[in-house]
Amino acid sequence: MDGITIREVLKLRNEEKFVEEDSIITEYPFTIFLNGKEFITLLCTQSSLDYLLVGFLVSEGLIDKKEDIESIKIDEEKGIGYVETVKKTNLMEKLYGKRTLTSGCGKGTVFYSVVDSFKSKKVDSNFKMNLEEIRDLVRKFNRYSEMFLQTGGVHSCALSDGKEILVFGDDIGRHNALDKIIGKAVMSDIALDDKIVLTTGRISSEIMIKIAKRGIPAVVSKSAPTELAIKIANDLNITTIGFARGLKMNVYTNIDRYL
């Protein structure tokens, strides 16, 4: 499988020790050239690079829809993605030179200020969530990533209509995984205002901002949200569920909907 390296490792199991081949996730530097200029380098897995590129630009507010893209070219051998946009905005010019090498997992790739999130419009959605269906979705989601089952080294994200998983992506960075599913949804004309994001990663403020910017009404994670993420979700009417494991989960925002 692309993105996986096989190495011999010494394994310790109680008192036993033995050498065995193991699957290791590969970090792949992917440099984005925006309108002919080097823009950013992401550390990612070597899959769905076109969707990662589109999702990243959407999340950063540089484009809004696929029609904003004039052309995309991916050179996997060199690790470069070239994208030309229909319009060259002032924001693009301001962000040139702020190049960052990142997996989008710790510090994240979001260029805009967290304060901007509070200027986002409230998510206006009548989307309903059934807790039994959410539990079933999480069970399906946990079995979806072949790369995680092989390496244990990636985060996963999925987009769901509340019943089925519609779009799936995984990556070494949780931000990248989210950008991949957003990018695929945008390129496939999948509406986001009635969908759920499923994620294995922590729900940070930056993750919540990306979700809010696209008008997505709900996020469900196997992990925890941060306090600022909860505040953003509460202010913007986004349902936030964490620690969704087995029959357990915590509902942090829009609690009244489930009582």
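**Exercise 1.** In this predicted model, work out whether Asn-14 counts as buried or exposed.

*Solution.* Start with the location: Asn-14 sits in the loop that links strand S1 (4–13) and strand S2 (16–25). Next, take its relative accessibility, which is 82%. The cut-off for exposed is over 50%, so Asn-14 counts as exposed. Finally, look at the backbone: phi of Asn-14 is near 55°, a positive value in a residue other than glycine.

**Exercise 2.** Now try Asn-237: where does it lie, and which exposure class does it belong to?

*Solution.* Asn-237 is found in the loop between H7 and strand S12 (239–245). Its relative accessible area is 26%, so Asn-237 is partly exposed. Asn-237 is not a glycine either, yet its phi is positive, at about 70°.

**Exercise 3.** Describe how helix H5 (residues 174–187) and helix H6 (residues 205–213) are arranged.

*Solution.* Two things are needed for a packed pair: the angle between the axes and the distance between them. Here the axes of H5 and H6 come within 10 Å and cross at roughly 10°. Angles under 35 degrees count as roughly parallel, and H5 and H6 are therefore roughly parallel to each other. On the H5 side, the contact is made by Arg-174, His-175, Leu-178, Asp-179 and Ile-182; H6 brings Glu-206, Ile-207, Lys-210 and Ile-211. Sorted by class, that contact has 4 nonpolar, 1 polar and 4 charged residues.

**Exercise 4.** Which element gives the most residues to the largest nonpolar core?

*Solution.* The largest nonpolar core has 44 residues, and those with the most contacts inside it include Phe-30, Leu-178 and Ile-211. Among the elements giving two or more residues are strand S3 (28–34), H5 and H6. Helix H1 gives the most, with 7 residues.

Notes
Residues numbered from 1 in each chain as written. Predicted model: local features only at pLDDT ≥ 70, side-chain atom pairs only at ≥ 80, totals over all residues. Heavy atoms only, no water. Axes fitted to C-alpha atoms, helices over the stretch in contact; angles between N-to-C directions. Helix = DSSP H or I, 4+ residues; strand = E, 2+ residues; numbered from the N terminus. Parallel < 35°, antiparallel > 145°, perpendicular 65-115°, else oblique. Contact = heavy atoms within 4.5 Å. Nonpolar A, V, L, I, M, F, W, Y, C, P; charged D, E, K, R; others polar. Core = buried A, V, L, I, M, F, W, Y, C linked by side-chain atoms within 4.5 Å. Buried < 20%, exposed > 50% of the residue type's maximum accessible area, 1.4 Å probe, protein only.
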